[in-house]
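Q: I'd like a close look at a single part of this structure, and then a walk through some of the helix packing. Could you take me through it?

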Amino acid sequence: MASNVPLRNLLSVVQNRSLKTSTVPPNTSSPSSFTVQNLLSSSGLHLESVHSVSQKLQIDESDLQNPHYVIGFLKAHDFKDAHIAKLIHKWPAVLHCKVEHNLKPKFEFFIENGFVGEILPELIVSNPDVLRRALDSRIIPCFELLKSVLGCSEKAASAFKRCSVSMMSAMEPNIDLLIKEGVPVDRIAKLIMLQPRTIQQKHQRMVYAVKALKDLEIDSKTTVFIHALRVMLQMSESTWNKKVEVLKSLGWTEEEILQAFKRCPFCFTCSEEKIRSVVDFLVNTLKMELRTVIGRPEFLMLSVDKRIRPRYNVLKILESKKLVIGKKNMKQLLTMRENNFFQDYVIKYADKVPGLLEAYEVLPKP
């Protein structure tokens with residue numbers, strides 16, 4: 001419940017930030033002093049942990065009205081106690097925001113554009129930096145740009161919530177670059193909806209990533225290009241080179257590595273350690289041919305302990321009991337949906353093979 005939100009962390013943050021505050025010894029009384037407890041409770045916040053706070057903070061009496069006004073304004077816009085406590089924890093200076101000149105016009109804009117109900121508090125609490133940005137020169141242009149690409153306010157609002165306000169200026173030149181390079185607008189829209197911060201990378205970083213993908217001859221009009229762009233933007237050149245060297249050491253040629261990236265860009269998000277672990281288990285334990293692994297780069301994304309090893313263990317047990325006839329295609333077994341494999345190979349034989357369920361659920365260490 002909102003009334004149970006702890007304020008100990010909130011108060012420690014407030015103490016370490018300059019809000020025209022100074023500590024007051026517990027036994028010192030001053031007509032101009034007040035406590036955070038008094039401020040919050042007098043503003044209607046019912047936070048039980050307020051009463052357990054012993055450290056007092058002194059704030060100039062001239063500042064008392066504005067914090068009360070800010071909290072009242074937030075509560076009038078569906079901010080619960082938990083929202084307000086978290087917002088103050090993240091950005092104590094919110095208590096000094098001018099409601100009429102700062103908060104009110106921004107809130108009105110957000111509400112007019114679909115940030116209603118719980119969505120507005122979620123936006124502000126998750127990204128209080130938005131309150132520090134100019135409405136006319138930063139927030140509105142960014143929102144309108146998102147709306148022009150995504151097609152409606154609802155989608156723009158969804159993407160805006162996950163954007164970094166401080167990096168909004170990079171968005172327009174990056175979108176222009178992608179359009180210039182032939183990326184369809186609907187693909188750009190998909191990228192923004194999937195991961196809006198991708199489009200907010202520094203422009204030079206975006207230029208580098210797009211050029212790298214062009215050099216790899218990945219068609220900018222395809223969905224693979226968008227996935228590859230997301231991956232490329234996450235990696236430095238040195239990280240890319242490390243992954244390439246790991247794959248080479250495991251027997252892959254450079255051409256095979258590039259083809260694997262084109263087929264499954266997300267396999268390059270795996271760590272070098274994971275890549276080694278998966279290839280080692282597939283080749284040395286499952287006796288899968290390396291060319292098979294190279295042809296199915298998506299296998300690199302599978303977990304050895306949560307997917308590959310448990311299914312291998314089940315198959316070996318069933319084979320030893322002669323319950324599985326013929327050589328099963330391990331490629332198909334590894335890519336089966338979890339529920340399908342569980343029903344067809346575990347539940348189906350659980351009564352006949354004591355311990356089969358446990359063998360599947362307990363993941364033995366290598």
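Is Arg197 buried, partly exposed or exposed, and what is its relative accessible area?

A: Keep in mind that this is a predicted model. Arg197 has a relative accessible area of 48%, so it counts as partly exposed; the cut-off for exposed is over 50%. You'll find Arg197 in the loop between α10 (185–194) and α11 (203–215). If you set aside the neighbours within four places in sequence, Arg197 is in contact with Arg162, Cys163 and Ser164. Phe160 is worth picking out too: Arg197 and Phe160 sit 37 residues apart in sequence, yet their C-alpha atoms are 9.6 Å apart in space.

Phe160 takes us to the next stop, since Phe160 belongs to α8 and is one of the residues there that meet α7. Helix α7 covers residues 135–150 and helix α8 covers residues 153–161. The two pack at an angle of about 125 degrees, and their axes are 8 Å apart. That angle is therefore one that makes α7 and α8 oblique to each other. As for handedness, α7 passes α8 in a right-handed crossing. On the α7 side, the residues involved are Ile139, Cys142, Phe143, Leu146, Lys147 and Leu150. Across from them, α8 supplies Ser153, Lys155, Ala156, Ala157, Ala159 and Phe160. Sorted by class, that contact has 9 nonpolar, 1 polar and 2 charged residues.

For another helix pair, look at α15 (residues 272–285) and α17, which pack at an angle of about 5 degrees with their axes 11 Å apart. That angle is why α15 is described as roughly parallel to α17. Here Ser277, Val278, Phe281, Leu282 and Thr285 of α15 meet Val304, Ile308, Arg309 and Tyr312 of α17. This contact divides into 6 nonpolar, 2 polar and 1 charged residues.

Now follow α17 (304–320) to another partner: the buried residues of α19 pack against α17, and also against α18 (330–335) and α20 (356–361). Those buried residues in α19 are Phe341, Tyr345, Val346 and Tyr349. Helix α19 itself runs over residues 338–350 and has a bend of about 30 degrees at Asp344. In sequence terms, Asp344 comes right before Tyr345, one of the buried residues of α19.

Terms used. Residues are numbered from 1 along each chain as its sequence is written. This is a predicted model: local features need pLDDT of at least 70, side-chain atom pairs count only at pLDDT 80 or more; totals for chains, interfaces and linings use all residues. Side-chain values use heavy atoms; hydrogens and water are left out. The bend at a residue is the angle between axes fitted to the seven residues ending there and the seven starting there. Helices (H or I, at least four residues) and strands (E, at least two) are DSSP runs, numbered from the N terminus. Buried means under 20% relative accessible area, exposed over 50%, partly exposed in between (1.4 Å probe, protein chains only). Contact means heavy atoms within 4.5 Å. Axes are lines fitted to C-alpha atoms, for helices over the stretch in contact, and angles run from 0 to 180 degrees between N-to-C directions. Angles under 35 degrees count as roughly parallel, over 145 as roughly antiparallel, 65 to 115 as roughly perpendicular and the rest as oblique. A crossing is left-handed if the near helix is turned anticlockwise from the far one by less than a right angle, and right-handed if clockwise. Ala, Val, Leu, Ile, Met, Phe, Trp, Tyr, Cys and Pro count as nonpolar, Asp, Glu, Lys and Arg as charged, and the others, Gly among them, as polar.
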